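Hello,

Here is the structure I promised to pass on. Please have a look at it first, and then read my notes below.

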Amino acid sequence: MAEFMELEGQDGVRMPWNVVPGTKQEASNCVVPVSAIYTPIKTFPNMPVLPYAPLRCRNCRSVLNPFSIVDFAAKIWICPFCFQRNHFPPHYASISDENLPAELFPQYTTIEYQSPGEASSVPPVFMFVVDTNIIEEEMAFLKSALSQAIGLLPDNSLVGLITFGTLVHVHELGFSTIPKTYVFKGSKDVSKDQLLEQMNFFLIKPKPPTGVIAGARDGLSSESIARFLLPASDCEFSLNSILEELQKDPWPIPTDQRASRCTGTALSVAASLLGACVPGSGARILAFVGGPSTEGPGAIVSKNLSEPIRSHKDLDKDSAPNYHKAVKFYEGLTMQLVHQGHVLDLFACALDQVGVAELKVAVERTGGLVVLAESFGHSVFKDSLRRVFRSEDKELGLSSNGIFEINCSKDIKVQGILGPCASLEKKGPLCSDTIVGQGSTSAWKMCGLDQATSLCLVFDIVKKELPDATLQSSSNQFYFQFLTYYQHSTGEMRLRVTSLSRRWVAGPGSIQDLIAGFDQEAAAVVMARLVSFKMEIEAEFDPIRWLDKALIHICSRFGDYQKDSPSSFSLSPRLSIFPQFMFNLRRSQFVQVFNNSPDETAYFRMILNRENVANSVVMIQPSLISYSFQSAPEPALLDVAAIAADRILLLDSYFTIVIFHGSTIAQWRKAGYHNQPEHQAFARLLQAPRDDADAIIKERFPVPRLVICDQHGSQARFLLAKLNPSATYNSEGNHPGGDIIFTDDVSFEVFLDHLQRLAVQ
């Protein structure tokens with residue numbers, strides 16, 4: 001694993017196959033697709049930022065890189081992708097073996113260009129869209145969190161406020177004498193033209209007869225924009241006074257009905273307002289939603305309480321009447337936001353579902369952040385919101401307006417990207433006929449991206465057969481180049497270029513080479529993203545069967561065994577943990593939707609789809625650390641046998657962190673031994689997992705939920721649900737930890753046993 005981590009530390013890329021199967025047939029035999037998980041704007045401490053424009057190939061537009069072949073005498077470079085010969089421009093005249101520009105240094109495979117004078121004129125824009133149809137207590141929590149967030153905004157950023165319940169209220173922050181709002185009916189969608197008309201945008205400067213209305217350049221006076229979007233430093237006082245006086249939605253709610261909430265209309269108004277005022281700039285809509293949408297377009301359930309909110313079963317049976325209508329509405333909104341270059345961030349805090357499953361398309365394709373919590377008072381929400389703006393612990397590095405492009409050798413095509421981006425529909429020779437995720441394009445829009453955003457690129461090897469052996473030795477490299485053009489958090493435009501080369505192999509002796517380059521963590525994450533994607537788009541798809549078939553294929557192709565002899569089966573260390581990852585993926589919340597609402601499933605998948613390999617692996621297979629008097633903290637097997645009366649366990653499953661006290665430890669703690677001076681060692685033992693948990697929480701966005709529980713307590717279920725059930729209620733023998741799991745799931749040992757039997761057939 002270490003060398004794959006090193007490659008990631010240099011380029012931000014992890015690939016399941018670091019030695020690539022060279023032909024179409026070989027690639028399909030490998031089961032896990034040829035793919036890459038790439039973090040476009042990962043921070044590298046010693047990456048050079050060059051203050052000039054990049055040199056591009058005149059044929060395929062790829063950028064000069066360390067893999068280009070350079071003829072110093074003739075001042076020519078040959079592009080490794082299309083073999084075009086390009087002349088160096090005059091300002092490269094002094095280049096030689098000893099005098100190389102930074103982009104040709106072999107160690108700078110990832111480099112950034114900063115074009116001078118291309119900084120964006122518009123500061124960052126934040127449009128707060130706030131749900132007011134929530135109970136008083138939640139309202140108080142939300143107000144305090146928002147006023148804190150407003151205090152943390154950068155001084156030059158523009159701020160707008162929309163509140164919604166039964167109606168949508170757009171607050172005119174620029175009118176400071178008295179609070180003034182424009183009100184729209186929640187039950188019907190408002191077009192952009194109606195919006196501008198009703199909000200008096202054309203009082204001073206008449207509406208232009210033709211053309212698109214877009215910002216101060218095209219048709220709007222900057223005074224009329226400044227009524228709704230003000231610099232944070234100017235409107236902090238008026239914003240806070242509006243927030244203080246915000247009341248719960250005044251419309252009465254009959255006892256047999258849900259509150260009336262027009263989330264869809266409010267978001268649509270916000271998108272149209274930003275599209276008219278600041279198109280193409282880095283603007284974010286921050287939506288704070290406290291319940292299900294019941295009014296207008298995008299409603300997920302009717303107001304009648306007799307109708308339950310859709311469950312996974314309803315979606316499978318197609319008996320969720322509002323689901324497809326709502327998704328269609330949000331797909332339209334997504335296209336509008338992507339076109340404008342704006343981001344939708346969702347903070348959903350309610351005990352009930354609020355419609356994250358429907359909103360998923362808009363948040364994911366615009367690269368927005370998503371946080372799901374039970375209440376606006378919960379630390380998951382409060383700390384996550386604070387971290388969006390304040391970054392003393394770990395900078396999120398929110399950037400905007402990204403365009404991601406890809407170039408690769410002619411034997412490779414791109415099937416698509418699984419991750420937070422939207423296709424720009426740039427068709428070309430690079431596009432494969434098979435589409436996965438956002439496909440049939442070689443360029444994607446990333447309206448919002450941060451330093452952790454990771455894309456999963458899925459490739460297609462199109463080479464049919466092997467050329468002669470002589471040819472193979474001369475050019476057995478595949479080249480890839482990823483270009484990310486984005487607006488840095490400082491406001492300047494940057495171009496990040498990552499160029500990679502990977503050796504390809506084919507033919508009878510290639511299996512050992514493939515195994516040597518196999519990255520099992522990256523492979524598990526690619527499979528997790530793929531299975532989540534298939535579960536969402538394919539009807540009647542059986543994820544467990546699909547994963548099992550894939551695993552059996554891999555084991556029978558890459559394992560060592562004699563035919564029909566399960567006991568002879570063994571896997572190389574490069575593949576040995578992969579079956580365990582698959583076992584845990586089958587049991588994870590991405591595949592098992594039982595006991596999760598559609599909103600929770602959508603939330604888990606959105607985060608899986610944007611995180612890097614290390615974080616995603618923790619989601620698939622949680623880490624477990626054991627603390628005891630006998631030894632220093634040490635990793636424990638994710639198994640029920642890890643539980644012991646005199647141990648503390650720390651489980652990190654990414655979304656939840658569990659500190660689990662064994663029964664003896666819990667008794668001592670309740671007796672207060674840790675407060676007595678002679679039991680300092682016990683106090684330190686109790687404190688160690690807390691400190692480690694805090695360190696994890698500081699690093700992570702969204703902030704995970706912390707659960708502290710005791711053996712045999714009700715909250716112990718958070719730990720037990722993740723452990724391998726090696727001891728269940730119907731297994732014989734004594735159980736060393738004294739704990740058993742009440743389940744009929746198979747244990748990992750049984751799973752492995754069956755796998756070996758099937759792989760050797």
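How many bridges join strand β24 to β25? There are two, and these strands run antiparallel. Before I go on, a word on the model: it is predicted, so local features need pLDDT of at least 70 and side-chain atom pairs count only at pLDDT 80 or more, while totals for chains, interfaces and linings use all residues. Residues are numbered from 1 along each chain as its sequence is written, and side-chain values use heavy atoms, with hydrogens and water left out.

**The sheet**

Back to β24, which spans residues 623-627. Strands here are DSSP E runs of at least two residues, helices are H or I runs of at least four, and both are numbered from the N terminus. Residue I625 has P635 in β25 as its bridge partner. Two strands pair if DSSP finds at least two bridges between them. The open sheet has five strands in the order β25-β24-β26-β27-β28, with mixed pairing. Its edge strands, β25 (634-635) and β28 (705-710), each pair on one side only.

**The cores**

A nonpolar core is a set of buried Ala, Val, Leu, Ile, Met, Phe, Trp, Tyr and Cys residues joined through side-chain atoms within 4.5 Å. Buried means under 20% relative accessible area, exposed means over 50%, and partly exposed is in between (1.4 Å probe, protein chains only). The largest core has 141 residues, and F459, F482 and F578 touch the most other members. Helix α14 (residues 520-537) gives this core its largest share, ten residues. A second, separate core holds 37 residues, including V130, L230, I242 and V380.

If you want one residue to look at, try F482. Setting aside its neighbours within four places in sequence, its contacts (heavy atoms within 4.5 Å) include V13, Y38, F404, L457 and F459. R496, V497, T498 and L500 are also among them.

**Salt bridges**

Side chains of opposite charge can pair when their charged atoms come close. Counting a salt bridge as a side-chain nitrogen of Lys or Arg within 4 Å of a carboxyl oxygen of Asp or Glu, the whole structure has 31.

E172 takes part in salt bridges with K180 (3.5 Å, N to O) and with R227, where the closest N and O atoms are 3.6 Å apart. The pair of E172 and R227 links distant parts of the chain, 55 residues apart: E172 is in the loop between β11 (167-171) and β12 (181-185), and R227 is in the loop between α5 (222-225) and β13 (230-231). Both E172 and R227 are buried, whereas K180 is partly exposed at 30% relative accessible area.

D411 and K463 also meet in a salt bridge (3.8 Å, N to O). D411 lies in the loop between β17 (399-408) and β18 (412-418) and K463 in the loop between β21 (455-461) and α12 (469-474), so the pair ties together parts 52 residues apart in sequence. K463 counts as buried, at 12% relative accessibility. Elsewhere, E8, R14, D519 and E521 are joined into one network by salt bridges that share partners.

**An annotated stretch**

Lastly, an unreviewed UniProt entry carries the annotation "domain: Zinc finger Sec23/Sec24-type" for residues 54-92. Such positions are given in the numbering used here, feature names are shortened, and annotations may be inferred rather than shown by experiment. Over residues 54-92 the chain is 0% helix and 23% strand, with the end C-alpha atoms 12 Å apart.

Best wishes
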